[in-house]
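Here are my comments on the model you sent, set out as numbered points. Please read them with the sequence and the coordinates open beside you.

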Amino acid sequence: MKKLILMLTAIFTLAFSSLCMAADGGALNKAQDSAEKFMAGFKSTPAAYTEVAGGFSNDLKSKINAQAFAELQKQVKSQFGNVKNNKFFSYERYDQFDRVTYISNCTKEDLVAFILTCDKKGRLVDFAITKLQAEKASK
C-alpha cells in the first residue's frame, strides 16, 4: 500500500511539473520559424522571396514586396556579407508582440544581430539588423 501511494505521488508530481513548464513554448516555436525563414534570405544561397514572406504579417508583406526584399538583400550583403550561421540569443514576451534575437556570423562582420519582432500569431511585423561589437577581455 505504501509503495502504491509513493508511486502515485511521484506520478502526480511529475505530471504537475510538466504542465507548469514552457507555457510559452508554442509561441516561441512560431516566432523562431518566422525568424529562420527571414534569415534564410541572407545566406550564400538565399531563399526565394515567397519562402521568406511566408513568415511575414500582412502589414509587412504590403511594405516589403519582392523588389524591396531584393534591395534589402543587396544592402545586407554589402554591409555584412552572407550569413554563415545563426545562434538563438533571446526571446522577450510583451503584451502586444514578441521579440526574438539571433546573433549571426557573416562573411564581412563577425557579430550581427537580427532583432525580429513578431505578432502574437508568430508572424514577423518588424525587424532590425545591426552590427555588434564584442567587448575586449581585460587582463
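1. Accessible areas here come from the Shrake-Rupley method with a 1.4 Å probe. On that basis the chain exposes about 9,500 Å², of which carbon and sulfur atoms supply 56%. Please keep in mind throughout that this is a predicted model.

2. As to the overall architecture, the chain contains five helices and four strands, and from the N terminus on these elements follow the order α-α-α-α-α-β-β-β-β.

3. On overall dimensions, the chain has a radius of gyration of 20 Å, whereas a compact globule of 139 residues would have one near 14 Å. The C-alpha trace spans about 70 × 50 × 30 Å along its principal axes. Buried residues account for 32% of the 139 residues, and, among contacts between residues at least 6 apart in sequence, 45% join residues at least 24 apart.

4. On charge, the chain carries 20 positive and 14 negative charges, and the mean positions of these two sets are 6 Å apart.

5. The aromatic residues deserve a point of their own, since a search of the whole structure finds 10 aromatic pairs. One of them joins Phe 38 and Phe 42, whose rings lie 5.2 Å apart from centre to centre with 70° between the planes, an edge-to-face arrangement; both of these residues are buried. Phe 38 also pairs with Phe 69, and because planes over 60 degrees apart count as edge-to-face, the angle of 65° puts this pair in that class, with the ring centres 6.2 Å apart.

6. Where in the chain do Phe 38 and Phe 69 lie? Phe 38 belongs to helix α2 (residues 25-39) and Phe 69 to helix α5 (residues 66-80), so that the pair links distant parts of the chain, 31 residues apart. Phe 69 is buried, as is Phe 38. Both residues also belong to one aromatic cluster, which is formed by Phe 38, Phe 42, Tyr 49, Phe 56, Phe 69, Phe 114 and Phe 127.

7. Turning to the strands, Thr 101 lies in strand β2 (residues 98-106). Is Thr 101 buried or exposed? Its relative accessible area is 9%, and because buried means under 20%, Thr 101 counts as buried. Leaving aside residues up to four places away in sequence, Thr 101 touches Lys 87, Phe 88, Phe 89, Ser 90, Glu 92, Phe 114 and Ile 115. Phe 114 thus appears among the contacts of Thr 101 and is also a member of the aromatic cluster.

8. Ser 90, one of the residues that Thr 101 touches, lies in strand β1. Ser 90 has a relative accessible area of 18%, and it is classed as buried because this value falls under the 20% limit. With residues up to four places away in sequence again left out, Ser 90 touches Arg 99, Val 100 and Thr 101.

9. Asp 95 is found in the loop between β1 (83-93) and β2. With a relative accessible area of 71%, Asp 95 is exposed, because exposed means over 50%. How far apart are the C-alpha atoms of Asp 95 and Val 76? They are separated by 30 Å, and the two residues are 19 apart along the chain.

Conventions
Residues are numbered from 1 along each chain as its sequence is written. This is a predicted model: local features need pLDDT of at least 70, side-chain atom pairs count only at pLDDT 80 or more; totals for chains, interfaces and linings use all residues. Side-chain values use heavy atoms; hydrogens and water are left out. Helices (H or I, at least four residues) and strands (E, at least two) are DSSP runs, numbered from the N terminus. The radius of gyration is taken over C-alpha atoms; the globule rule is 2.2 Å times the number of residues to the power 0.38. Buried means under 20% relative accessible area, exposed over 50%, partly exposed in between (1.4 Å probe, protein chains only). Contact means heavy atoms within 4.5 Å. Lys and Arg count as positive and Asp and Glu as negative; His and the chain ends are not counted. The place of a charge is taken as NZ of Lys, CZ of Arg, CG of Asp or CD of Glu. Rings of Phe, Tyr and Trp (its six-membered ring) pair if their centres lie within 6.5 Å; planes under 30 degrees apart count as stacked, over 60 as edge-to-face and the rest as tilted.
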